[in-house]
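Work through the exercises below with the model open. Each task is followed by a solution in steps.

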Amino acid sequence: MFVLELTYTAPLDKVDAVLEAHVAWLDEQYARGVFLASGRKNPRDGGVILAVAEDRARIERIAAGDPFVEAGVCAYRVTEFAATKTAPELERYRESPS
């Protein structure tokens, strides 16, 4: 499982100019079963995405395709973690402690 933290690197008017394309990209990742949750940070200086994938390389490729990245308005920080405890709704993503 991965936490993707987005940090805006441009003023909000530049971010907002790409927002519609970013939301369409988010919808694609939800449809593919990669993203589980997402939203803006408060204060609005970026966002957070909870994602699942077989490896970090795939997540990094997906993040590189974000219209925000392509437009140069945000940077990603990717954190991988083992979800050893989850809410019942996320049980299928739970990992055994090693």
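**Exercise 1. A loop residue**

Where is Asp-45 found? Work out its exposure and its contacts as well.

Solution.
- Step 1. Keep in mind that this is a predicted model.
- Step 2. Locate the residue. Asp-45 sits in the loop between strand 2 and strand 3.
- Step 3. Classify its exposure. The relative accessibility of Asp-45 is 37%. Buried means under 20% and exposed means over 50%, with partly exposed in between. Asp-45 therefore counts as partly exposed.
- Step 4. List its contacts, leaving out residues up to four places away in sequence. Asp-45 touches Leu-6, Thr-7 and Tyr-8.
- Step 5. Compare sequence and space for one of these. Asp-45 and Tyr-8 are 37 residues apart in sequence, yet their C-alpha atoms are 5.6 Å apart.

**Exercise 2. The peptide bond in the loop**

Which two residues does a cis peptide bond join?

Solution.
- Step 1. Look at omega. For the bond between Asn-42 and Pro-43, omega is about 10°.
- Step 2. Assign the bond. Asn-42 and Pro-43 are joined in cis.
- Step 3. Place the proline. Pro-43 belongs to the loop between strand 2 and strand 3.
- Step 4. Describe the connection. Strand 2 and strand 3 are joined by a hairpin through five residues.

**Exercise 3. The sheet**

In what order do the four strands form the sheet? Derive the order from the pairs.

Solution.
- Step 1. Start with strand 2 and strand 3. They run antiparallel and are joined by five bridges. Within this pair, Ala-37 has Leu-50 in strand 3 as its bridge partner.
- Step 2. Add strand 1. Strand 1 pairs with strand 3 over six bridges, in the antiparallel sense. Glu-5 has its bridge partner, Val-48, in strand 3.
- Step 3. Add strand 4. Seven bridges link strand 1 and strand 4, again antiparallel. Here Val-3 stands opposite Thr-79 in strand 4.
- Step 4. Read off the order. The sheet is open, with order 2-3-1-4 and antiparallel pairing.
- Step 5. Find the edges. Strand 2 and strand 4 (74–80) each have a single partner strand, so one side of each lacks a neighbour in the sheet.
- Step 6. Give the twist. From one strand to the next, the average is 15°.

**Exercise 4. Helix against sheet**

Which strands does helix 1 lie across, and which residues of strand 1 form its covered face?

Solution.
- Step 1. Trace the helix. Helix 1 lies across strand 1, strand 2, strand 3 and strand 4.
- Step 2. Take the angle to one of them. Helix 1 runs at about 165° to strand 2.
- Step 3. Split strand 1 by face. Its covered face holds Phe-2, Leu-4, Leu-6 and Tyr-8. Val-3, Glu-5 and Thr-7 make up the uncovered face.

**Exercise 5. Two residues of the helix**

Are His-22 and Gln-29 buried or exposed? Give their contacts beyond four places in sequence.

Solution.
- Step 1. Place both residues. His-22 is in helix 1, and so is Gln-29.
- Step 2. Apply the cut-off. Buried means under 20% relative accessible area. His-22 is at 6%, so it counts as buried. Gln-29 is at 3%, so it is buried too.
- Step 3. List the contacts of His-22. They are Leu-6, Asp-66, Pro-67, Phe-68 and Tyr-76.
- Step 4. Do the same for Gln-29. It touches Val-34, Phe-35 and Ile-62.

**Exercise 6. The largest pocket**

How many residues line the largest pocket, and which elements supply at least two residues each?

Solution.
- Step 1. Take the volume. It is about 170 Å³.
- Step 2. Count the lining. There are 14 residues, and Tyr-8, His-22, Leu-26, Gly-39 and Arg-40 lie nearest the centre.
- Step 3. Assign elements. Strand 1 (2–8), helix 1 (12–31), strand 2 (35–40) and strand 3 (46–51) each supply at least two lining residues.
- Step 4. Sort by type. Eight lining residues are nonpolar, five are polar and one is charged.

**Exercise 7. After the last strand**

Where is the place of Glu-91, and how is its exposure classed?

Solution.
- Step 1. Locate it. Glu-91 lies in the segment after strand 4.
- Step 2. Classify it. Its relative accessible area is 49%, so Glu-91 is partly exposed.
- Step 3. Set it against Leu-26. Glu-91 and Leu-26 are 65 residues apart along the chain, with 23 Å between their C-alpha atoms.

Key. Residues are numbered from 1 along each chain as its sequence is written. This is a predicted model: local features need pLDDT of at least 70, side-chain atom pairs count only at pLDDT 80 or more; totals for chains, interfaces and linings use all residues. Side-chain values use heavy atoms; hydrogens and water are left out. On a 1 Å grid over the protein atoms alone, a cavity is a set of points where a 1.4 Å probe fits but cannot get out, and a pocket is an open set with protein on both sides within 12 Å along at least five of seven lines; lining residues have an atom within 4 Å of a point. Grid points are joined across faces, edges and corners, and a volume is the space filled by probe spheres set on the points. Ala, Val, Leu, Ile, Met, Phe, Trp, Tyr, Cys and Pro count as nonpolar, Asp, Glu, Lys and Arg as charged, and the others, Gly among them, as polar. Two strands pair if DSSP finds at least two bridges between them. Axes are lines fitted to C-alpha atoms, for helices over the stretch in contact, and angles run from 0 to 180 degrees between N-to-C directions. Contact means heavy atoms within 4.5 Å. Buried means under 20% relative accessible area, exposed over 50%, partly exposed in between (1.4 Å probe, protein chains only).
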